[in-house]
Amino acid sequence: MSENSRFKTVLLFFSVFFFALISSGVDKNTAILIEKEIEKHKSEIIKIRRFLHMNPELSNQEYQTAKLVATKLMSLGLEVKSGIAKTGVTALLPGIQQGFTVALRADMDALPIQELTDVPYKSLIPGVMHACGHDVHTSIALGTAMVLNTLKQKIRGNIKFIFQPAEEGPPPGEEGGAFLMIKEGVLDEPPVGAIFGLHVWPENLGEVLFSSGPIMASADGFQIIIKGKSSHGAKPHEGIDAITLASQVILSIQSIVSRRIDPTDPAVISIGKMEGGIRSNIIAEEVRLEGTIRTLSDSNRKKIPQLIENIVKGITHSSDADYIFSYKKGAPPVYNHPELGKLMLPTLLELLGGNNVKQLKPQMVAEDFSYYCQKIPGFFFFLGVKDPNQETMAPLHSPYFNPDERSIFLGIKIMCHLLLDGLEHQSYLERNSQSSL
Ligand SMILES: [Zn+2]
Ligand SMILES: [Zn+2]
């Protein structure tokens, strides 16, 4: 065992010991009932997942998915609301006692990708695929509702199920996703005190990755239009070459992260699109650049757009060119509430074993679960979905992405425990919910 892993083991031991003092967890009897109920619903849940996988729908068009979700939730006798933020669905499961409300959020949309797996339940819709595992998320949330609905006697408060459209981003010109769900009141009536979510992750089945504080980055976009002056390619001095200026801008922007940002506070600036020019022998009049900015802190998030614009301004103006800089704010960083994490970590450790709960370095990908975390304490983790017998698995957003379906049952089990635990800790959460937001 390396020094590093010995240190991790000792740390984990103390974590388990310390957190065991504050965790009650669900009682043994309830844990057995959860297992039994999952077992009972297994074949139905797989049927649901495969139906969703075969019938993927793009962001803000999740009509059939929402219909299936709402129909199932209504058949359970829950209080269901549809048509929130276009195709969103919520359901309230009241327990036997009044109290705190905790929520579970799942996203429902698919991606414009042609599936290339050879599973028998591959997508029937050309060019559309559940390549981000949102079919698994939806199935886990529905399965959790099915299981907890049979355990009402154990619920001290309410559980709200939130099925959200457009996590991958609404189509251009449309609103959508978590932001719109919140705007349309999903965290009200009754007020939700804490929210839980997960994302499938290409790590081994049985593993969960988690950390407190920022866990995923903000994702903002920018566009730069460099306006030069066209001339003959043989007479560049008569024009202003937007391509040469764009090249300088691109290279200079790379120095922001390496020279202007605190290296202990990560940030990414990537320019993924560049277009300009007309012909090989004409000096380009205009070049468009588009990029993404990923940050984990508010300070970097505020600072970087200004630094980019300063560079663009300096380079273009020094050559008598002009520019248009536009910046579009996207999702903020996903922030795992430290107090909620402290309370829930023992549950993960107990369910999965210390070796299977892994510390995750913050990821520079984004998730609009972050909007919920801005309002109330949130707990978000990554669920391993790689068949451990396989060496590797295709990443998220790949046409070959194929999660191990056994992860669905584990996801349901974890969510049942976390939600019930959340309600058990309601007085603690109410006292501490605003402390670190
Ligand atoms: Zn995705
Ligand atoms: Zn996703």
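Q: Is F379 buried or exposed in this predicted model?
A: The model is a predicted one, and its values are computed from the atoms. Residues under 20% relative accessible area are classed as buried. The relative accessibility of F379 is 0%, so F379 counts as buried.

Q: Which kind of aromatic pair do the rings of F196 and F379 form?
A: The structure holds 9 aromatic pairs. In the pair of F196 and F379, the ring centres are 5.9 Å apart and the planes stand at 50°. Planes under 30 degrees apart count as stacked and those over 60 as edge-to-face. The angle of 50° falls in neither class, so the pair of F196 and F379 is tilted.

Q: How many residues apart are F196 and F379?
A: F196 belongs to strand 5 (residues 194–204), and F379 belongs to strand 16 (residues 378–386). F196 is buried, because its relative accessibility is 0%. The pair links distant parts of the chain, with a separation of 183 residues.

Q: Which residues form one aromatic cluster?
A: Aromatic rings pair if their centres lie within 6.5 Å. One cluster of aromatic residues consists of W201, F369, Y372, F380 and F382.

Q: Which residue has its charged end over the ring of F409?
A: A charge is taken to sit over a ring if it is within 6 Å of the ring centre and within 35 degrees of the ring normal. Here the distance to the centre of the F409 ring is 4.8 Å. The residue whose charged end sits there is K42.

Q: What are the protein donors of the zinc ion (ligand 1)?
A: The donor atoms lie 2.0 to 2.2 Å from the zinc ion (ligand 1). Along the sequence, the donor residues are spaced C-x35-E-x228-H. The donors are C132 (SG), E168 (OE) and H397 (NE2).

Q: How many residues apart in sequence are the parts that C132 and H397 tie together?
A: C132 lies in the loop between strand 3 (97–107) and helix 4 (134–149), whereas H397 is in the loop between strand 16 and helix 10 (406–424). C132 counts as buried at 7% relative accessibility, and H397 counts as partly exposed at 39%. Because of these two locations, the pair ties together parts whose separation in sequence is 265 residues.

Q: Which residues coordinate the zinc ion (ligand 2)?
A: The spacing of the donors along the chain is C-x1-H-x64-H. Their distances to the zinc ion (ligand 2) are 2.1 to 2.3 Å. The coordinating residues are C132 (SG), H134 (NE2) and H199 (NE2).

Q: Which residue coordinates both the zinc ion (ligand 1) and the zinc ion (ligand 2)?
A: The zinc ion (ligand 1) and the zinc ion (ligand 2) are 3.2 Å apart. C132 is listed among the donors of the zinc ion (ligand 1) and among those of the zinc ion (ligand 2). The residue that coordinates both ions is C132.

Q: Why is the sulfur of C373 not in a bond with the closest cysteine sulfur?
A: A disulfide requires two cysteine sulfur atoms within 2.5 Å, and the count in this structure comes to 0 disulfides. C373 is buried, with a relative accessible area of 4%. The closest cysteine sulfur, in C132, is too far from that of C373 for a bond, because the distance is 17 Å.

Q: Which element gives the largest share of the largest nonpolar core?
A: The largest nonpolar core has 71 residues, and those that touch the most other members are L148, I159, F161, F163, F196, L348 and F381. The largest share of this core is 11 residues, and these come from helix 10.

Q: How many residues are in the other core, which includes V186, I215, Y372 and F380?
A: This other core lies apart from the largest nonpolar core. V186, I215, Y372 and F380 are among its members. The other core comprises 26 residues.

Q: How far apart in space are L52 and H134, C-alpha to C-alpha?
A: L52 is placed in helix 2 (residues 28–54) and is buried, with a relative accessible area of 1%. Beyond its neighbours within four places in sequence, L52 contacts residues including T65, L68 and H130. L52 and H134 are 82 residues apart in sequence, while their distance in space is 9.1 Å.

Key. Residues are numbered from 1 along each chain as its sequence is written. Chains are lettered from A and ligands numbered from 1 in the order in which they are written. This is a predicted model: local features need pLDDT of at least 70, side-chain atom pairs count only at pLDDT 80 or more; totals for chains, interfaces and linings use all residues. Side-chain values use heavy atoms; hydrogens and water are left out. Rings of Phe, Tyr and Trp (its six-membered ring) pair if their centres lie within 6.5 Å; planes under 30 degrees apart count as stacked, over 60 as edge-to-face and the rest as tilted. Helices (H or I, at least four residues) and strands (E, at least two) are DSSP runs, numbered from the N terminus. Buried means under 20% relative accessible area, exposed over 50%, partly exposed in between (1.4 Å probe, protein chains only). Donors are N, O and S atoms within 2.8 Å of the metal (3.2 Å for Na, K and Ca); water is not among the atoms, so sites may look incomplete. A nonpolar core is a set of buried Ala, Val, Leu, Ile, Met, Phe, Trp, Tyr and Cys residues joined through side-chain atoms within 4.5 Å. Contact means heavy atoms within 4.5 Å.
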